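Biologist: I am new to this one. Could you show it to me and explain how its labels are earned?
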Amino acid sequence: MPYVDPDQGGIHARALVLLDNPSTMAEAGTGSGLLSLDNNDWTARNCREAYARHRVNWTDIVHWNVCPFPTSNAKNSSSSLDERRRGAQWTRRLVELLPHLEIVLPLGKAARDGWQLAAIKREGLYTFEGREIPHCGNRGLNRTPTSRREFEKAIEDLSTMLGWPPDDSASGRS
């Protein structure tokens, strides 16, 4: 199971960005062993670049997969409902470790489903409920003509909620 990137907010994170399952670049042995924005894959790159455009500081966020272990399906494909059910316990445990959590941003249908399966209720937690934000991988961002715009708007909204005004020159790191 990949570990969270130490360059992200960890237990101090104010926002949890949920994805589906680890890519091969996040697995130990074939990749970094981290859920990292520095991984050499499109998911990490698309998030990293969007965070830079919208001034989301890496120390304000933590990434997590609703299915935090490699899936039984083909590499880089969606997790199954059963896998997301099994992963829900890990999402609940992670959220327990995040005392400053204010925002949960599920990216893609599987992440939304996994978040719902975890059934976490915390007063004051904003969860982008009712918004169908695409997964940040190229398949998700190219799914419909509006997918990229929906993703960018979600990252912009995340940035605003975290208190960062727009500034195209930001690097994404403090």
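Modeller: Gladly! This is a predicted model. Let us begin with Arg 55, whose relative accessible area is 22%.

Biologist: Why is Arg 55 called partly exposed?

Modeller: Buried needs under 20% and exposed needs over 50%. Arg 55, at 22%, falls in between, so the label is partly exposed. You will find Arg 55 in the loop between α1 (42-54) and β4 (61-65).

Biologist: What makes the phi of Arg 55 worth pointing out?

Modeller: Most residues other than glycine have a negative phi. Arg 55 is not a glycine, yet its phi is positive, about 60°. Ala 119 also has a positive phi, about 50°, without being a glycine. Ala 119 sits in the loop between α3 (109-118) and α4 (138-141).

Biologist: How do you know that Ala 119 is exposed?

Modeller: Its relative accessible area is 51%. Exposed means over 50%, so Ala 119 earns that word.

Biologist: Why is the aromatic pair of Tyr 126 and Phe 128 called edge-to-face?

Modeller: First, the rings count as a pair because their centres are 5.0 Å apart and the limit is within 6.5 Å. Next, the angle between the planes is 70°, and over 60 counts as edge-to-face, so the name follows. The count by this rule is 1 aromatic pair.

Biologist: And what are the labels for Tyr 126 and Phe 128, buried or partly exposed?

Modeller: Tyr 126 has a relative accessible area of 37%, between the 20% and 50% cut-offs, so Tyr 126 is partly exposed. Phe 128 has 2%, which is under 20%, so Phe 128 is buried.

Methods
Residues are numbered from 1 along each chain as its sequence is written. This is a predicted model: local features need pLDDT of at least 70, side-chain atom pairs count only at pLDDT 80 or more; totals for chains, interfaces and linings use all residues. Side-chain values use heavy atoms; hydrogens and water are left out. Rings of Phe, Tyr and Trp (its six-membered ring) pair if their centres lie within 6.5 Å; planes under 30 degrees apart count as stacked, over 60 as edge-to-face and the rest as tilted. Buried means under 20% relative accessible area, exposed over 50%, partly exposed in between (1.4 Å probe, protein chains only). Helices (H or I, at least four residues) and strands (E, at least two) are DSSP runs, numbered from the N terminus.
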